[in-house]
Amino acid sequence: TAGSGDSGTQTQQPSGQTETPDGELSHEELAKAMVKKIDKPDDITGLRDGMLVPTGYGEDEFVEKKSRFIGRVWPVETEAEALSTEDTETPLDKNVRLMSPTRMLLRRFFRSKLSVAGIIMLASLFVFCWFGPLVYNHWGEIETDRTGAIEYTEYEIDANKDGEVDYIQIIVTDNGVNALAKPSADHLLGTDEKGMDVFTRLMYGGRVSLIVSFLSVFLTSFLGIVLGGLAGFYGGKVDGIIMRICDILMCLPTLPLMLIIGTVLDSNGVPSAYYIYLLMGLLALFSWTGMARLVRGQILFLREQEYMVAAEAMGYSTARRIFKHLIPNILPQILVSMTMSLGSMILYESTLSYLNLGVRIPYASWGTMIEVISKRSDILQNNFNVWGPPGICIIIAVLGFNFIGDGLRDALDSKQRR
């Protein structure tokens, strides 16, 4: 009940509600109003100004939703009574969705058009290289087309020098190998200088280039993570020794060193089928320094955090603290670095194969297929179908990995809010 002025007359109001002289609800009754339907107790933080407020609501949202329900109140006495009150109104947070960190990461990643383009480019290359030979299986990787055309050349010979043709000489030339054939139904991209199908070799060569690049990056990352983790965690003499090794390896000229190692392997009769794998493995031994420095810098910062102090106090082993608590926290930076390194490794493999230090003929790789233009300038001028497609595949692969790396870097950036 509420007093009605000086007359002393009392007016009965609905139970639990009291009107002020200006006809509005009193602050006490408005404070007890429930403004949203509660589905479960975990959705609320409690009473704010006497009103039930969902988790995560800011001050502006609270004031807006408070003003929206003036005049439509449900009187409550306690939070327990509020939770049991039935509300038929539409929940105010119906359009509010909670997203996990993984979902937010994927959302930011796929929002970038370049990231999507990189995925499409790489997916197309993988499908082409691994499933293409199942569809286009007319020729093998090292199979030569020996259906070369037979040419007939006629020569008129004037033996008596009297201006009359005494006899005709016909020269029959059997080419044997159908070399440098133009694109046709039998050869979609023609043949190379040895009569092998360019389209088939493009698919098998892509397998070698991609596999070698992935293996090299994984080996490089493994060495960098282990050595960088040890240097950052222990510090002192261990850090000094590992970093000095990094300084020495970074001073070595990589390409000339690969030329020397390739010559040594060739002189020792290393099988050509395993030549590139050994060479890229040796390249990984000289390329782990960048990853090691990245991991070391991150661990130097993280090892002083509170959770690492707690892990040490609980008696966890060094390996568990490094690989279970430190490395997962720098995994985003590692993934970005690995993705960016894949494009560089593809270029390394192509360069070594171009210099005849990689995959050897008759086996194919993208670099080996381009290597022919260094020996025959006529192919460079007249046969784009021989060297052009592998060059385009290299560009697509490098761009695809770089696009994905840029997308991951932007998506994992905690300061970015797009």
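These exercises, each with a worked solution, walk through cavities, rings, salt bridges and backbone geometry in the structure above.

The model is predicted, with local features needing pLDDT of at least 70 and side-chain atom pairs counting only at pLDDT 80 or more, while totals for chains, interfaces and linings use all residues. Residues are numbered from 1 along each chain as its sequence is written, and side-chain values use heavy atoms, with hydrogens and water left out.

**Exercise 1. Cavities**

Task: find how many cavities of 30 Å³ or more the structure holds, and describe the lining of the largest cavity.

Solution:

Step 1. Set up the search: on a 1 Å grid over the protein atoms alone, a cavity is a set of points where a 1.4 Å probe fits but cannot get out, and lining residues have an atom within 4 Å of a point. Points are joined across faces, edges and corners, and the volume is the space filled by probe spheres set on the points.

Step 2. Run it over the whole structure, and two cavities of 30 Å³ or more turn up. The volume of the largest cavity is about 110 Å³.

Step 3. List the lining of the largest cavity: Asp192, Glu193, Lys194, Met196, Val198, Arg201, Ile361, Thr368, Met369, Val372 and Val386.

Step 4. Sort these residues, taking Ala, Val, Leu, Ile, Met, Phe, Trp, Tyr, Cys and Pro as nonpolar, Asp, Glu, Lys and Arg as charged, and the others, Gly among them, as polar. The lining of the largest cavity then splits into six nonpolar, four charged and one polar.

Step 5. Map the lining onto helices, which are DSSP runs (H or I, at least four residues; strands are E, at least two), numbered from the N terminus. Both α6 (198–234) and α14 (366–370) supply at least two lining residues each.

**Exercise 2. Aromatic rings**

Task: count the aromatic pairs, then describe the geometry of Phe384 and Trp387.

Solution:

Step 1. Choose the descriptors: a pair of aromatic rings is described by the distance of the centres and the angle of the planes. Rings of Phe, Tyr and Trp (its six-membered ring) pair if their centres lie within 6.5 Å; planes under 30 degrees apart are stacked, over 60 edge-to-face and the rest tilted.

Step 2. Applying this rule gives nine aromatic pairs. In the edge-to-face pair of Phe384 and Trp387, the centres are 5.0 Å apart and the planes make an angle of 75°.

Step 3. Place the pair: Phe384 and Trp387 are three residues apart in helix α16 (residues 384–411), so about one helical turn separates them.

Step 4. Look for a wider group: ring pairs join Phe126, Trp130, Phe214, Phe218 and Phe401 into a cluster.

**Exercise 3. Salt bridges**

Task: count the salt bridges, and work out where Arg244 and Asp247 lie.

Solution:

Step 1. Apply the rule, a side-chain nitrogen of Lys or Arg within 4 Å of a carboxyl oxygen of Asp or Glu. The count is eight salt bridges.

Step 2. Inspect Arg244 and Asp247, whose side chains form a salt bridge at 3.0 Å, N to O. Both residues are in helix α7 (residues 236–251), three residues apart, about one turn of the helix.

Step 3. Check exposure (buried is under 20% relative accessible area, exposed over 50%, partly exposed in between; 1.4 Å probe, protein chains only). Arg244 is partly exposed at 46%, and Asp247 is partly exposed at 27%.

Step 4. Extend the view: Arg244, Asp247 and Arg293 are linked in a network of salt bridges.

Step 5. Try another helix, where Arg409 and Asp406 form a salt bridge at 3.1 Å, N to O. These two residues lie in helix α16, three residues apart, about one turn of the helix.

Step 6. Finish with Glu304 and Arg303, a salt bridge whose closest N and O atoms are 3.4 Å apart. Glu304 is exposed at 55%, whereas Arg303 is partly exposed at 26%.

**Exercise 4. Backbone geometry**

Task: which residues are joined by a cis peptide bond, and where does Leu180 lie?

Solution:

Step 1. Recall the background: most residues other than glycine have a negative phi, and most peptide bonds are trans.

Step 2. Ile361 and Pro362 are joined by a cis peptide bond, with omega about 15°. Pro362 belongs to the loop between α13 (331–354) and α14.

Step 3. Leu180 is not a glycine, yet its phi is positive, about 50°. Leu180 sits in the loop between β6 (167–174) and α6, and is partly exposed, with a relative accessible area of 22%.

How values were computed
On a 1 Å grid over the protein atoms alone, a cavity is a set of points where a 1.4 Å probe fits but cannot get out, and a pocket is an open set with protein on both sides within 12 Å along at least five of seven lines; lining residues have an atom within 4 Å of a point.
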